[in-house]
Every structure is written in C-alpha cells, then in structure tokens.
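Work through these exercises with the sequence and the 3D view open. Try each task before you read its solution.

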Amino acid sequence: MATINVLVVAGGGGGGGNVAGAGGGGGYKTNAAYAVIVQAYTVTVGTGGAGGATDAVRGTNGQNSVFDTITATGGGGGGTYQGVGTPQGLAGGSGGGGGTGDTITPAGGVGNGGGEGSDGGTGFDITAGEYAGGGGGGASAVGVAASANTGGNGGAGTSNSISGAAVTYSGGGGGYGITTKGSGSGGGGNGGQGAAGATAGVDGRGGGGGGGQAVGTGGGGKGGDGVVIISYITGTLTATGGSTSTNGLNSVHTFTTSGTFTVTFTAGTSGTQSKIW
C-alpha cells in the first residue's frame, strides 16, 4: 500500500441567458494521503455546464468529477430573467448566481460548503433599478450580490500547487451588468455587459461561466471543464494514466478527460513490495 495526493475538481456551472446570473464553480475536493493498492482506479472528469443560449434558459449544472471514493459535485447553473424564465440560481458544488427579477430579488443557488463550494450571489430586482445578475459561488467564497446596473463578481476559488506552480481552481463566474459586468474568479468567466455576451469558464480549472445577455453576441458562458490531478513521491509506487510530469521529488498524473489510473507497483510500509506481473 502507498499514499497519493489527489485533487478532484468538477465541471463549473453554465451562466444563465438574458441579463442573468453566473455559473458556480465546480466542486473542489482534496486528499493529501489517500491510500492506494495495486489495482486500476476509474477517473471521471466532469465537463462544464452549458450556458443559457436564449432568454428563457438558465445555465445548466456542470458534471461531477470522481476519483475512486472522492466525488466533487458539478457547479450550479446561473438564473435567467424572471419575465421569461426561472431567475433563481441552481444548487451545486458552488451555487449559481441569481438572475434578474421583475418582482423579487432572485436567490443564488446553494453550495455544498465544507471547503467544496459556496452559495451563489443574489440577483437584482428591476423594480429597484436596472438589470443585473449575481456572481457564481466559488470554492472559498460566496458569489457577490448584484446591484443596480452592476453584475456581481464571482466567489473566490482555492489555490493548489499539486502540479507545480500555484493554480486557483473552482472560482465563480461574474454576473451580467448593463453598465458594469461582474468579473470571474479562479477560472470563472466574466459576465456580459450591455449587448455583449459573457465568457466561458476555464477548462481544467472548473470555473463557472459568466452570466449573459441574449442580445448581441449571445447568452451565458459555458462552465469550465474539471480536472483530476494525482501526485506521489517518485519511487513509492509505479502507475500509468493521464498526462505525466514531475514536480520536484513528485510524479504527477493529470487527467483532463476521463480515464484510468492504474497502480502497478507499491513499496510496502514494512519494506515489502507488490507488483502486477
């Protein structure tokens, strides 16, 4: 038996279409001492949710990412405009931001908490001002609420240096704003502004898509695809799967698509060894 360091990031949620809320970041989970034996382990990498392409469509949730018993939940999709669709953000690893309400302040979706993800920011009621959507939640912070004309920023993601330089994962997307767009965080896409559309979350980082506008360049941004990264001290085991690299004394396997992590050799804890022949 040996231990590995595992990072599991789910797909980010898609941003809503039409003066909308942003997608929440994909769920973020780690285990720095996960025990493995000589066998094959299935790795599932979740894709990002679709952005709302038309006025009445919320963004869809990202898909889960899984390594063995570790499951990170896909980010929640962003809400749309109440006059044509459902304005509340969807629950997920991190929740999607609320869209624009005609008579209500749309709620953001609920995140899983516990370091995996946070709630999405509330949207804005146009009876109190102009259209704007809330930011998507991130792994480390809730999405920012929208204000008059101004989209909420995405909630912060979480930094991890498992593969080398520090990278921030699972940030929320920015909400739509008529005059000021919300900014994405930790791989999250930016919201649309005016007639301009939103941007997508970053693939391999699980960022939420920006909240969009159905006029002009299109609707909400797609959520970023997730990632699974495995690291271990070189020599403690031998394994195949994913894209391989080194980080100091560690071997690193990066999965940007689903696959199999196969352990073929481990150095036993009492000096014994095991191997697949």
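Helices (H or I, at least four residues) and strands (E, at least two) are DSSP runs, numbered from the N terminus. The model is predicted: local features need pLDDT of at least 70, side-chain atom pairs count only at pLDDT 80 or more, and totals for chains, interfaces and linings use all residues. Residues are numbered from 1 along each chain as its sequence is written, and side-chain values use heavy atoms, with hydrogens and water left out.

**Exercise 1. Place T3 and describe its surroundings.**

Step 1. Find the element. T3 is in strand β1, which covers residues 2-9.

Step 2. Classify the exposure. Buried means under 20% relative accessible area, exposed over 50%, and partly exposed in between (1.4 Å probe, protein chains only). T3 has a relative accessible area of 45%, so T3 is partly exposed.

Step 3. List the neighbours. A contact means heavy atoms within 4.5 Å. Leaving out residues up to four places away in sequence, T3 touches A33, Y34, A35, Y232 and L237.

Step 4. Compare sequence and space. T3 and G241 are 238 residues apart in sequence; their C-alpha atoms are 16 Å apart.

**Exercise 2. Follow Y34 into its ring pair.**

Step 1. Recall the rule. Rings of Phe, Tyr and Trp (its six-membered ring) pair if their centres lie within 6.5 Å; planes under 30 degrees apart count as stacked, over 60 as edge-to-face and the rest as tilted.

Step 2. Search. The whole structure has 4 aromatic pairs.

Step 3. Classify one of them. Y34 and F67 sit 5.7 Å apart, centre to centre, with 70° between the planes, making the pair edge-to-face.

Step 4. Locate both ends. Y34 belongs to strand β2 (residues 28-36) and F67 to strand β4 (residues 65-67), so the pair ties together parts 33 residues apart in sequence.

Step 5. Check burial. Both Y34 and F67 are buried.

Step 6. Widen the view. Ring pairs link Y34, Y41, F67 and F261 into a cluster.

**Exercise 3. Describe the whole chain.**

Step 1. Count the elements. The protein chain has 0 helices and 15 strands.

Step 2. Give the burial. Of the 277 residues, 52% are buried.

Step 3. Give the contact range. Take contacts between residues at least 6 apart in sequence: 52% of them join residues at least 24 apart.

Step 4. Give the box. Along the principal axes, the C-alpha atoms fill roughly 70 × 25 × 25 Å.
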